[in-house]
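Here are a few notes to help you find your way around this structure. Keep the view open as you read, and take the points in order.

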Amino acid sequence: MIKLRQKFANFMNGRYGIDHLYMFLFSLYFILVIINIFVNHFIITILELVIVIIMFYRMFSKKIYKRSREEEAYLKIKNNIKSFFKKNKYKDKDHVYKKCFKCKTTIRLPLPSSIGFKYVTCPKCKNKFKTLVLRKQKIELIRKK
């Protein structure tokens with residue numbers, strides 16, 4: 001058993017191995033296998049086979065520089081997609097951002113003094129609305145510029 005493990009370790013020495021793109025391809029393969037159980041379509045089977053070949057080719061490749069460039073490109077695309085779908089574009093731990101329901105203006109509110117529902121007045125349209133507050137600190141209205 002130890003000799004087999006040592007032989008495999010020697011075989012993998014200098015090869016690229018597993019990375020984020022490999023894990024993505026493995027997840028995609030697993031999803032396609034589950035779908036193919038119910039659908040049982042020839043094209044999905046071919047696609048599964050192609051993904052497995054790409055996975056093993058990348059894992060056993062000795063062209064580490066090319067595989068790492070592929071990994072960087074994948075991570076760049078993944079981060080762009082993540083940032084596109086990110087809901088909170090304001091990163092501020094001292095304030096809460098709320099939208100006025102009437103004029104759709106974004107209002108920056110400091111963290112409130114108590115937890116619960118608070119009434120807020122929009123500085124633009126003077127609309128009063130109720131907002132849920134989940135953190136403690138003083139609340140005051142600041143116009144967003």
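1. **Overall layout.** Welcome to the chain: read along the sequence, its elements come in the pattern α-α-α-α-β-β-β-β. That gives 4 helices and 4 strands. Please keep in mind that this is a predicted model.

2. **Inside and outside.** The chain has 145 residues, and 26% of them count as buried. About 11800 Å² of the chain is exposed, with carbon and sulfur atoms supplying 63% of that area. Among contacts with a separation of 6 or more, 46% are made by residues 24 or more positions apart.

3. **The first helix.** Start with α1, which covers residues 2-12. Of its 11 residues, the number buried is 1, so helix α1 lies largely in the open. After α1 comes Gly14, which has a positive phi near 90°.

4. **Two helices that pack.** Next, look at α2 (residues 20-39) and α4 (residues 64-84), which pack at an angle of about 65° with their axes 8 Å apart. Angles of 65 to 115 degrees count as roughly perpendicular, so α2 is described as roughly perpendicular to α4. On the α2 side, the contact is made by His20, Leu21 and Phe24, while α4 contributes Glu70, Glu71, Tyr74 and Leu75. Sorted by class, this contact of α2 with α4 has 4 nonpolar, 1 polar and 2 charged residues.

5. **A hairpin.** Moving on to the strands, how do β1 and β2 run? Strand β1 (residues 95-99) and strand β2 (residues 106-110) are antiparallel, and 5 bridges join them. To see the pairing in the view, find Tyr97, which stands opposite Arg108 in β2. The two strands form a hairpin with 6 residues between them. In the turn of this hairpin, Lys104 has a positive phi of about 65°.

6. **A lysine in the last strand listed here.** Finally, please look at Lys130, which is found in strand β4 (residues 128-133). Is Lys130 buried, exposed or partly exposed? Its relative accessible area is 47%, so Lys130 is partly exposed. Setting aside residues up to four places away in sequence, Lys130 touches Phe101, Phe117, Lys118 and Tyr119. Val120 is also worth locating: it sits 10 residues from Lys130 along the chain, and the C-alpha atoms of the two are separated by 6.2 Å.

Technical notes: Residues are numbered from 1 along each chain as its sequence is written. This is a predicted model: local features need pLDDT of at least 70, side-chain atom pairs count only at pLDDT 80 or more; totals for chains, interfaces and linings use all residues. Side-chain values use heavy atoms; hydrogens and water are left out. Axes are lines fitted to C-alpha atoms, for helices over the stretch in contact, and angles run from 0 to 180 degrees between N-to-C directions. Angles under 35 degrees count as roughly parallel, over 145 as roughly antiparallel, 65 to 115 as roughly perpendicular and the rest as oblique. Contact means heavy atoms within 4.5 Å. Ala, Val, Leu, Ile, Met, Phe, Trp, Tyr, Cys and Pro count as nonpolar, Asp, Glu, Lys and Arg as charged, and the others, Gly among them, as polar. Two strands pair if DSSP finds at least two bridges between them. Buried means under 20% relative accessible area, exposed over 50%, partly exposed in between (1.4 Å probe, protein chains only). Accessible areas come from the Shrake-Rupley method with a 1.4 Å probe; for residues, only the protein chains shown count as cover.
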